[in-house]
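Open the model in your viewer and keep the selection box at hand. We will go from one stop to the next, picking a few residues each time and looking at what is around them.

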Amino acid sequence: MPRIELSSGPIDYQDTGGEGPVLVFGHGLPMNETQWRKVVPLLGGYRCVLPTLPLGGHRQPMNRDADLSQRGVARLLGEFIEGLGLGQVTLVLNDWGGGQFLVSEGQYRQIARLVLVACEAFDNFPPGPAKAMAQVCRVPGGVWLLTRLMRVPAFRHSRGGYGGMSLRGVPDEIMDDWFAPATRSRAIRRDFAKFATGAPGRKTLLAWSERLRDFDRPVLVVWATEDRLMPREHGPRLAELYPQGRLIEIADSSTLIPEDQPERLVQVLTDFLVQTGAEPVRHDS
């Protein structure tokens, strides 16, 4: 897997290559690029770039002094896009919503459009059920305990936790891969704890949200109708916040729409891309 060295440490990534418009995908805690494994193969004609962000599922630890707060990881994502020389990109987020902070930080020069798929927003950082996990991560040894609990099927598949993120159920081998780095590495657990406890208070989050009104570029908000983590009212609220926002709701899905409804997600994503000037590159056979 390719890797780029950034100011806070190494970032692994996948890159499908090609000449098509660039789509950059963000993932959740402690996930990795496999969150999009059902979606990317359906996006022929686009160049898909999938960084493994330091949200706890990353395979190489970051520098000890790395800023892995919500703001810090957002800035790192911006540095990644610039470092690879990707030019104008479409940023696609699911679950983790912190990539929006590139806008609130005024660092969105290379973001041509946003696609927000059932993600954190407003003061929902972290989402309701994950707030308890964040508290556990504040305790010494808390992340280690969490990785052990995730081996217990009843805990792993609890509808009040990771089991509630997908109506279909995330395969065990995928979840094993997500938690493996923190299970084996103390340094990864350190990074995990930094991010999990790195959200600012409610007042600050809402103030940052107001800055999103400055992003006068196309935004597609895709919300799940049966989501336990992301309030349903946040979908239309986000779409109204952005000057060029539009909303599509997808039924029969929870937070991980790429898991539950990948084909439908690709359909609404590609429609949006074409409508906003990002046509796929097709080669005649």
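## Stop 1: a buried phenylalanine

Start by selecting F192, which counts as buried at 0% relative accessibility. Before going further, keep in mind that this is a predicted model. F192 is found in helix α7, which covers residues 186-196.

What surrounds F192, once its neighbours within four places in sequence are left aside? Show the side chains of L29, P30, L55, G56, C137, V143, L146 and A182: F192 is in contact with each of these. For a sense of scale, add Q100 to the selection and draw a distance to F192 between C-alpha atoms. The two are 92 residues apart along the chain, and their C-alpha atoms are separated by 20 Å.

## Stop 2: the sheet

Now switch to a cartoon view and colour the strands. In what order do the eight strands of the open sheet run? Follow them as β1-β2-β4-β3-β5-β6-β7-β8, and note that the pairing is mixed. At the edges you will find β1 (3-6) and β8 (245-250); each has a single partner strand, so one side of each is left without a neighbour in the sheet. Turn the view to look across the strands, and you can follow a twist that averages 20 degrees from one strand to the next.

Next, pick residues 22-25 and 47-51. These are β3 and β4, which pair in the parallel sense over three bridges. Within this pair, V24 stands opposite V49 of β4.

Keep the sheet on screen and add residues 70-83, which form helix α1. This helix packs on the sheet, where it touches β1, β2 (9-15), β3, β4, β5 (89-95) and β6 (111-119). The direction of α1 makes about 120 degrees with that of β1. Then add helix α9, residues 234-241, which also packs on the sheet and touches β6, β7 (219-224) and β8. Here the angle between the directions of α9 and β7 is about 175 degrees.

## Stop 3: strand β7

Zoom in on β7. Is this strand enclosed or open? Six of its six residues are buried, so β7 is largely enclosed by the rest of the structure. Show the side chains: V219, V221 and W223 point one way, L220, V222 and A224 the other way, and all are buried.

Look at both partners of this strand in turn. With β6, strand β7 pairs in the parallel sense over four bridges, and V115 stands opposite L220. With β8, the pairing is again parallel, over six bridges, and V221 stands opposite L247.

## Stop 4: salt bridges

Time to bring in the charged side chains: the structure holds 15 salt bridges. Select R71, R75 and E105 for a look at two of them. R71 forms a salt bridge with E105, with the closest N and O atoms 2.8 Å apart. This pair links distant parts of the chain, since R71 sits in helix α1 and E105 in the loop between α2 (101-104) and β6, 34 residues apart.

R75 also forms a salt bridge with E105, and here the closest N and O atoms are 2.7 Å apart. R75 lies in helix α1 and E105 in the loop between α2 and β6, so this pair ties together parts that are 30 residues apart in sequence. A surface view shows how covered each partner is: E105 counts as buried at 18% relative accessibility, while R71 at 28% and R75 at 34% are partly exposed.

Then move to R168 and D252, whose side chains meet in a salt bridge of 2.7 Å from N to O. R168 lies in the loop between α5 (153-156) and α6 (172-184), and D252 in the loop between β8 and α10 (257-260), 84 residues apart. Both are partly exposed, R168 with a relative accessible area of 42% and D252 at 35%. One more selection belongs here: E33, R59 and D177, joined into one network by salt bridges that share partners.

## Stop 5: a nonpolar patch

Finish on the surface. Select V136, W144, L145, L149, V152 and F155, which make a nonpolar surface patch of about 470 Å². Which helix gives the most to this patch? Helix α4, residues 142-149, does so with three residues. L149 lies in that helix and counts as partly exposed at 32% relative accessibility.

Methods. Residues are numbered from 1 along each chain as its sequence is written. This is a predicted model: local features need pLDDT of at least 70, side-chain atom pairs count only at pLDDT 80 or more; totals for chains, interfaces and linings use all residues. Side-chain values use heavy atoms; hydrogens and water are left out. Patches are made of residues with over 30% relative accessible area and no salt bridge: like charges are joined within 9 Å, nonpolar side chains (Val, Leu, Ile, Met, Phe, Trp, Tyr) within 5 Å. Accessible areas come from the Shrake-Rupley method with a 1.4 Å probe; for residues, only the protein chains shown count as cover. A salt bridge is a side-chain nitrogen of Lys or Arg within 4 Å of a carboxyl oxygen of Asp or Glu. Helices (H or I, at least four residues) and strands (E, at least two) are DSSP runs, numbered from the N terminus. Buried means under 20% relative accessible area, exposed over 50%, partly exposed in between (1.4 Å probe, protein chains only). Two strands pair if DSSP finds at least two bridges between them. Axes are lines fitted to C-alpha atoms, for helices over the stretch in contact, and angles run from 0 to 180 degrees between N-to-C directions. Contact means heavy atoms within 4.5 Å.
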